[in-house]
Structure formats: structure tokens, C-alpha cells
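Please open the structure in your viewer and keep the selection tool at hand. The tour below moves from stop to stop, saying at each one what to select and what is found there.

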Amino acid sequence: MMMESEQGIAKKEEMNFSERIIQHVREEGFFSTFPTDNLEGQKLLYKATNASKLLRDFMETPIAVTSFVFSPTTVTTEVGDVEQVMGVYLIDSAGTAYVSSSNGVIRSAMNIMSMFGDPQGWSEPLTVVCRETNTAKGRRFKFLDVL
């Protein structure tokens, strides 16, 4: 018979990579690829989530990513309502943070981590650019492309 804590572990193992990140954000309020148990990490987290630049202002600009943070952020809808959505923060080698709430960019960041591993294990920053393309139905979406 499986104990309750073992069932929780089994459920976590059944979750895919993206679901584990989203679950961590729900439980902790954020997910970061760097340690936040020290002052340096806490400052980096604060700066990323409080003083980031809009990624959409840097389309096609190479960014040397060293870390990611996933955290709720607010956006204003076309009708003026404020909504809380998931945001991804890309932190570059200079410590500059770029934020996007685009589902395509968030999905790209999760795929990068899934395929390239934790950025803390990278031997060098990973250079990405934010691009935009059309869907088959004529809608536009943003994504991260690896250079």
C-alpha cells in the first residue's frame, strides 16, 4: 500500500517538466534557475521581477542567457483590465533581465531548459533571440530561437 507522501512523489514524477515548473510557481510564488537562499540570489530575483525590460522591445536582439525566472506578472488587456499571468524573465550575462508573458516565449524557455538542462550547469551563456512568426490561421506569436 502506497503512503500519502509516496503518492505525492509518484504524482510529481508523472508531471512533465513544464508542469513541474508551473506547480513550483503555484507553491512558492516563483521558480528560478539560480539559488535564492542567499542575499546575492535574492537580489538577483528581486531585480529580475521588479526592474526588468520588456522582451518585446528587444526583438531580434541576441541575448546571452544565464538564468531564467518564472513568476506571476501583471498585464493590461486591450479593454484596460489588469490580469495576472505567468511571466518568464531571461537574465543575461550582464545581469539585465527581460520579461515576457507570451505563451510562445514561456514555452520556448521551458523547452530550452528541458533540452539544454539547468543553466547553472552550462559552460557558457546560451544566446537566444526573440522572434515573431505567423500561425496557419494568421495569428502572430513570439518564440525564442537559439543561435
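## A crossing of two helices

The crossing of α2 and α4 is right-handed, and because this is a predicted model, everything on this tour should be taken as a description of that model. To see the crossing, select residues 17-28 for helix α2 and residues 103-116 for helix α4, which pack at an angle of about 115° with their axes 9 Å apart. Next, show the side chains that make the contact, namely F17, S18, I21 and I22 on α2, together with M110, M113 and S114 on α4. Sorted by class, this contact of α2 with α4 consists of five nonpolar and two polar residues, with no charged ones.

## Into the nonpolar cores

Now select F68, F70, V88, V128 and L144, which are the residues with the most contacts inside the largest nonpolar core, a set of 22 residues. The elements that give this core two or more residues each are α2, β3 (63-76), β4 (82-92), α4 and β6 (126-134), and the largest share, six residues, comes from α4.

Keep L144 selected and display what surrounds it: leaving aside residues up to four places away in sequence, L144 touches L55, L90, V105, S108, A109, I112, V128, V129 and C130. Apart from the largest core lies another one, of eight residues, and to find this second core you can select F34, L45, Y89 and A97, which are among its members.

## The aromatic rings

The structure holds five aromatic pairs, and one of them is formed by F68 and W122, whose rings meet edge-to-face at 6.5 Å centre to centre, with 90° between the planes. Where in the chain do F68 and W122 lie? F68 sits in strand β3 and W122 in the loop between α4 and β6, so that the pair links distant parts of the chain, 54 residues apart. Both partners count as buried, since F68 has a relative accessible area of 0% and W122 is at 16% relative accessibility, where the cut-off is under 20%. Add F31 and F70 to the selection, and you have the cluster that ring pairs link together from F31, F68, F70 and W122.

## A last stop at a loop

Finally, select A94, which is placed in the loop between β4 and β5 (97-100). Is A94 buried or exposed? With a relative accessible area of 63%, A94 is exposed. Select T66 as well, and compare the two distances: A94 and T66 are 28 residues apart in sequence, and 9.1 Å apart in space from C-alpha to C-alpha.

Key:
Residues are numbered from 1 along each chain as its sequence is written. This is a predicted model: local features need pLDDT of at least 70, side-chain atom pairs count only at pLDDT 80 or more; totals for chains, interfaces and linings use all residues. Side-chain values use heavy atoms; hydrogens and water are left out. Axes are lines fitted to C-alpha atoms, for helices over the stretch in contact, and angles run from 0 to 180 degrees between N-to-C directions. Helices (H or I, at least four residues) and strands (E, at least two) are DSSP runs, numbered from the N terminus. A crossing is left-handed if the near helix is turned anticlockwise from the far one by less than a right angle, and right-handed if clockwise. Contact means heavy atoms within 4.5 Å. Ala, Val, Leu, Ile, Met, Phe, Trp, Tyr, Cys and Pro count as nonpolar, Asp, Glu, Lys and Arg as charged, and the others, Gly among them, as polar. A nonpolar core is a set of buried Ala, Val, Leu, Ile, Met, Phe, Trp, Tyr and Cys residues joined through side-chain atoms within 4.5 Å. Buried means under 20% relative accessible area, exposed over 50%, partly exposed in between (1.4 Å probe, protein chains only). Rings of Phe, Tyr and Trp (its six-membered ring) pair if their centres lie within 6.5 Å; planes under 30 degrees apart count as stacked, over 60 as edge-to-face and the rest as tilted.
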